[in-house]
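Dear colleague,

I am passing on to you the structure that follows, together with its sequence. Please have it open while you read, since the notes below go through it part by part.

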Amino acid sequence: MAHSARMCSIVALCVVALFNAVAIATEPKNHAVVQQNSSSGNVISSNSVLVALLDSRYDYTELAELVEKALLLQALEEVVGSNNITIFAPNNAFLEKNLDPEFRRFLREPGNLKSLQKLLQFHVVPTRMVAEEWNNVTHRALNWDEELNFQLHEDSKSKVMKVDLGTVTHPNAVVRPDGVIHGIDRLLVPKSVQNEFNEWRSRRVILEAVKPQGAPTVDSPRFSKKIVSTSSSSISLPPIEFALAPGPSLAPAPAPGPSSGYHWFDGESQVKDFIHTLVQYGGYNEMADILVNLTSMASEMAKLVSEGYRLTVLAPNDEAMGKLSADQLSELEHVIYYHMIPEYQTEESFYTGVRRFGKLKYDTLHIPHKVVTQEADGTVLFGEGEQSAHLFDHDIYVDGRISVQGIDKVLIPPSHQSKVKKLEREQEIAKQSKRSKGRLLGSVCNLLEKFGQNSILSTCQ
């Protein structure tokens with residue numbers, strides 16, 4: 001009897017030791033999962049006002065290039081992450097044609113980088129100011145060294161909005177959740193930058209005037225052919241405002257907005273046209289069949305476009321659609337909605353965004369899920385991990401309201417991915433527990449057999 005009690009104690013110790021070993025083996029895996037989840041970073045949204053500033057459709061790309069040249073893009077991203085901002089942007093036509101060439105050269109010289117930064121920061125205030133809330137106030141610019149004066153002149157016939165010496169020609173040109181862009185008719189030049197420009201121009205004129213005799217003639221636009229006095233007191237320089245003539249007015253009226261209740265566009269014919277183009281293009285018949293025959297998505301898209309919405313469709317090719325599993329087909333509508341972005345994007349705008357920001361998140365019609373884009377292999381990559389898809393056939397259909405971009409894989413919504421992973425984990429746990437139970441029972445039976453006590457457990461027989 002005592003011998004049997006000792007055997008039971010040995011068996012219990014073996015069981016405890018084996019369970020401890022299993023717990024120790026699984027602990028690092030759980031730790032690794034926590035580390036992996038904690039390493040994810042923030043990604044700027046495609047609906048950001050900074051993305052709109054870079055978008056060629058809004059006619060402010062010249063200003064965006066100056067922002068990049070001044071190394072201010074990252075600083076603006078940080079500001080947008082914590083505050084709403086308002087940007088006052090002269091359009092491309094003014095910066096290309098009406099800007100004084102000498103002042104342009106001054107801004108582009110590497111030694112004047114701080115002046116360029118101060119000038120651009122003078123066009124941004126770290127607060128949200130839409131046209132409807134405009135009044136006579138003063139706000140500090142983004143660099144906190146200069147102040148901008150806002151004025152409102154209103155009568156029964158007109159309403160004039162001014163900021164500093166500029167006039168707002170296109171109020172609320174871009175309105176996004178994190179900021180607003182107003183179109184203005186000139187550059188806003190702070191007094192500090194104006195003084196720095198005048199000093200730079202004075203030094204340059206003096207250096208040219210006192211060029212030594214016998215110096216070689218240099219055929220370069222850097223040297224002026226004007227004859228000036230060598231005395232600095234005789235140099236007369238006009239103020240910079242004379243060089244900054246107002247640019248043309250931004251006249252186009254805004255298009256009717258979505259959800260207005262009116263059908264401003266023929267969405268039905270546009271959707272039919274894009275589906276016909278998808279079929280004629282070749283290789284996307286499965287996607288066209290799903291939109292028209294298997295679901296009611298085509299008619300829903302037509303209603304959205306008719307009310308003024310814009311859509312971008314990420315269309316997986318037939319080869320990718322053929323790889324869908326039965327579980328994925330059971331949630332086909334959710335999967336397809338995840339491929340629809342409620343804004344108009346082309347291959348150029350997608351690539352420009354990821355090239356300048358690294359990663360971007362786009363809203364989808366499968367609310368609240370978003371699709372992440374990034375640059376990979378010289379093109380745009382949608383999604384992350386094994387489920388990511390490359391931009392395969394770009395601009396299959398683009399008409400200003402509907403854009404279709406072909407991709408080489410089906411994007412799976414995160415909710416569906418989590419269900420699949422949960423099922424796989426449960427199956428793996430079941431297998432591991434079955435294998436662990438078999439190994440544990442075998443070890444106990446072998447131990448009992450060595451002592452001639454394998455008859456204690458009936459399963460060992």
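**What was found**

Of the 461 residues in the chain, 39% count as buried. Please keep in mind throughout that this is a predicted model. The chain contains 16 helices and 15 strands, and it exposes about 25,900 Å², of which carbon and sulfur atoms supply 53%. Among the contacts with a separation of 6 or more, 67% are made by residues that stand 24 or more positions apart in the chain.

**The sheet and a helix across it**

An open sheet is formed by 8 strands, which follow one another in the order β1-β11-β12-β13-β14-β15-β9-β10, and its pairing is mixed. Its edge strands are β1 (44-45) and β10 (340-341), each of which pairs on one side only. At the β1 edge, the pairing with strand β11 (residues 359-363) is parallel and rests on 2 bridges, and in β11 it is Leu360 that serves as the bridge partner of Ile44.

Helix α9 (residues 267-281) lies across three strands, namely β9 (311-316), β14 (389-398) and β15 (402-407), and it runs at about 125° to β14.

**Nonpolar cores**

The largest nonpolar core has 55 residues, and within it Phe103 and Phe382 are the residues with the most contacts. Helix α2 (residues 49-54) gives the largest share of this core, with 6 residues. Apart from this core lies another, of 31 residues, which includes Met287, Ala288, Leu311 and Leu332.

If you wish to look at one residue in detail, Phe382 is a good place to begin. Leaving aside residues up to four places away in sequence, Phe382 touches Leu314, Phe350, Val371, Val372, Thr373, Gln387, Ser388, Ala389, Leu391, Ile407 and Leu411.

**Aromatic pairs**

The structure holds 12 aromatic pairs. In one of them, the rings of Phe274 and Tyr397 have their centres 6.1 Å apart and their planes at 45°, so this pair is tilted. The two residues belong to distant parts of the chain, with Phe274 in helix α9 and Tyr397 in strand β14, 123 residues apart. Phe274 counts as buried because its relative accessibility is 0%, and Tyr397, at 8% relative accessibility, counts as buried too.

Another pair brings us back to Phe382: the rings of Phe350 and Phe382 have their centres 5.2 Å apart and their planes at 90°, so the pair is edge-to-face. This pair, too, links distant parts of the chain, since Phe350 sits in helix α15 (residues 347-357) and Phe382 in strand β13 (residues 379-382), 32 residues apart. Both Phe350 and Phe382 are buried. There is also an aromatic cluster, which is made up of Phe103, Phe106, Phe197 and Trp200.

Helix α15 deserves a further remark, as its buried residues are Ser349, Phe350, Thr352, Gly353, Val354 and Phe357. The helix is followed by Gly358, which has a positive phi, near 85°.

**Backbone details to check**

Most residues other than glycine have a negative phi, and most peptide bonds are trans. Against that background, three places may be worth a look when you examine the loops.

- The peptide bond from Ile367 to Pro368 is cis, with omega near 5°, and Pro368 has its place in the loop between β11 and β12 (370-376).
- Asp59, although it is not a glycine, has a positive phi of about 65°. Asp59 lies in the loop between α2 and α3 (61-69), and it counts as partly exposed because its relative accessibility is 29%.
- Leu71 likewise has a positive phi in a residue other than glycine, here near 60°. The place of Leu71 is in the loop between α3 and α4 (73-82), and with a relative accessible area of 63% Leu71 is exposed.

With kind regards

Methods:
Residues numbered from 1 in each chain as written. Predicted model: local features only at pLDDT ≥ 70, side-chain atom pairs only at ≥ 80, totals over all residues. Heavy atoms only, no water. Helix = DSSP H or I, 4+ residues; strand = E, 2+ residues; numbered from the N terminus. Buried < 20%, exposed > 50% of the residue type's maximum accessible area, 1.4 Å probe, protein only. Contact = heavy atoms within 4.5 Å. Areas by Shrake-Rupley, 256 points an atom, 1.4 Å probe, with all protein chains shown as cover. Pairing = 2+ DSSP bridges. Axes fitted to C-alpha atoms, helices over the stretch in contact; angles between N-to-C directions. Core = buried A, V, L, I, M, F, W, Y, C linked by side-chain atoms within 4.5 Å. Phe/Tyr/Trp six-rings, centres within 6.5 Å; stacked < 30°, edge-to-face > 60°.
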